[in-house]
Amino acid sequence: MKTINEIFLEFLKEQKRYLSPRTYKDYENIISLFEEYLDVCAFDDLYEEDQELYKEKQKNEHKEYCQIFDLAYIAPSDIEYFLNDFGGSATFVETSRRFFRKFLPLAYEKDYLDPEHYSELAEVVGNIRKKGKKTASQVQKFGGALCDYVDAHPTEESPEWKEGD
């Protein structure tokens with residue numbers, strides 16, 4: 001069994017020659033943030049026996065979640081919550097979407113994910129695109145509407161405004 005960390009490192013190593021330096025760095029950053037997220041947050045969703053294993057490995061071997069568990073321990077909700085917690089910008093959401101869309105099929109091809117788990121994760125990733133585009137287009141629409149409103153409702157300067165300067 002390969003751990004989450006080992007599989008991510010393998011992916012980066014294999015993809016390095018195919019990716020631009022910028023995309024490679026973006027993927028490294030996404031992986032680093034996602035691993036950090038899992039190391040901090042995913043423990044709560046473990047079954048009791050897995051929590052015991054985690055506590056033992058962390059205490060005795062100083063290992064974190066991604067150094068102990070394999071991809072079966074990434075729940076679809078982990079990806080969703082990760083994007084909600086870290087995914088403030090449309091660029092981040094789009095980069096995450098591209099990463100997961102490239103990573104998951106390769107992990108599936110290597111049998112690191114079973115078919116059902118792959119389908120569940122791929123469905124979440126498919127929704128990332130919709131969410132990212134919707135969020136970006138909503139921001140653009142709101143910005144345009146705000147500018148139209150300001151243009152349509154000019155204000156007159158008040159002498160009181162100048163007194164504060």
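Which residues does Ser96 touch, not counting residues up to four places away in sequence? I began my notes with this residue, working throughout from a predicted model.

**Entry 1: Ser96**

I located Ser96 in helix α6 and then looked up its contacts, which, once residues up to four places away in sequence are not counted, are with Ile30, Phe82 and Leu83. I also checked its accessibility: Ser96 counts as buried because its relative accessibility is 0%, where the cut-off for buried is under 20%.

**Entry 2: the chain as a whole**

I next stepped back to the protein chain, for which I noted 8 helices and 0 strands, so that the pattern read along the sequence is α-α-α-α-α-α-α-α. Of its 165 residues, 34% are buried. I also looked at how far apart in sequence the contacting residues are, and found that, among contacts with a separation of 6 or more, 67% are between residues 24 or more positions apart.

**Entry 3: the nonpolar core**

I turned to the largest nonpolar core, which has 39 residues, and asked which of them touch the most other members; these are Phe34, Leu38, Tyr65, Ile79, Phe99 and Phe103. The elements that contribute two or more residues to this core are α1, α2, α4, α5 (76-86), α6 and α7 (115-152).

I followed one of these residues, Ile79, further, and with residues up to four places away in sequence left out I listed its contacts as Phe34, Ile74, Phe100, Leu121, Val124, Val125 and Ile128. Phe34, which appears in that list, is itself one of the residues that touch the most other core members.

**Entry 4: helix α1**

I compared the length of α1 (residues 4-15) with expectation: its 12 residues should span 16 Å at 1.5 Å a residue, and its end C-alpha atoms are indeed 16 Å apart, which agrees. I then listed its buried residues, which are Ile4, Ile7, Phe8, Glu10, Phe11, Leu12 and Gln15, and noted that they pack against α2, α4 and α6 (90-109).

**Entry 5: helix α3**

I made the same kind of check on α3 (residues 48-61), whose 14 residues reach 19 Å from the first C-alpha to the last, close to the 20 Å expected at 1.5 Å a residue. Where do the buried residues of α3 sit around its axis? I found the buried residues to be Asp50, Gln51 and Tyr54. They lie on the same side of α3, because the arc they cover around the axis is only 105°.

What covers these buried residues includes α2 (21-41) and α4 (65-68), while the face of α3 turned away from its buried side carries the exposed residues Glu48, Glu49, Lys59 and Asn60.

**Entry 6: two residues with positive phi**

I noted that α3 is followed by His62, which has a positive phi of about 55° although it is not a glycine. His62 has its place in the loop between α3 and α4, and it counts as exposed because its relative accessibility is 66%, where the cut-off for exposed is over 50%.

I recorded Asp111 alongside it, since Asp111 has a positive phi of about 65° although it is not a glycine. Asp111 lies in the loop between α6 and α7, and with a relative accessible area of 67% it is exposed.

**Entry 7: cavities and a pocket**

I finished with the empty space in the model, where the count comes to 2 cavities of 30 Å³ or more. The largest cavity holds about 60 Å³ of space, and I listed its lining as Ile7, Glu10, Phe11, Glu14, Phe103, Leu106, Ala107, Lys110 and Tyr112. Which element gives the largest share of that lining? I found that it is α1, with 4 residues, and that α1 and α6 each supply at least two. Ile7, Glu10 and Phe11, which line this cavity, are also among the buried residues of α1, and Phe103, another residue of the lining, is one of the core residues that touch the most other members.

I also looked at the second largest pocket, which has a volume of about 160 Å³. It is lined by 14 residues, of which the closest to its centre are Asp45, Tyr65, Ala72, Tyr73 and Ala75. The elements that give two or more residues to this lining are α5 and α7.

How values were computed
Residues are numbered from 1 along each chain as its sequence is written. This is a predicted model: local features need pLDDT of at least 70, side-chain atom pairs count only at pLDDT 80 or more; totals for chains, interfaces and linings use all residues. Side-chain values use heavy atoms; hydrogens and water are left out. The expected span of a helix is 1.5 Å times one less than its number of residues. Buried means under 20% relative accessible area, exposed over 50%, partly exposed in between (1.4 Å probe, protein chains only). The arc is that of the directions from the helix axis to the C-beta atoms. Contact means heavy atoms within 4.5 Å. A nonpolar core is a set of buried Ala, Val, Leu, Ile, Met, Phe, Trp, Tyr and Cys residues joined through side-chain atoms within 4.5 Å. On a 1 Å grid over the protein atoms alone, a cavity is a set of points where a 1.4 Å probe fits but cannot get out, and a pocket is an open set with protein on both sides within 12 Å along at least five of seven lines; lining residues have an atom within 4 Å of a point. Grid points are joined across faces, edges and corners, and a volume is the space filled by probe spheres set on the points.
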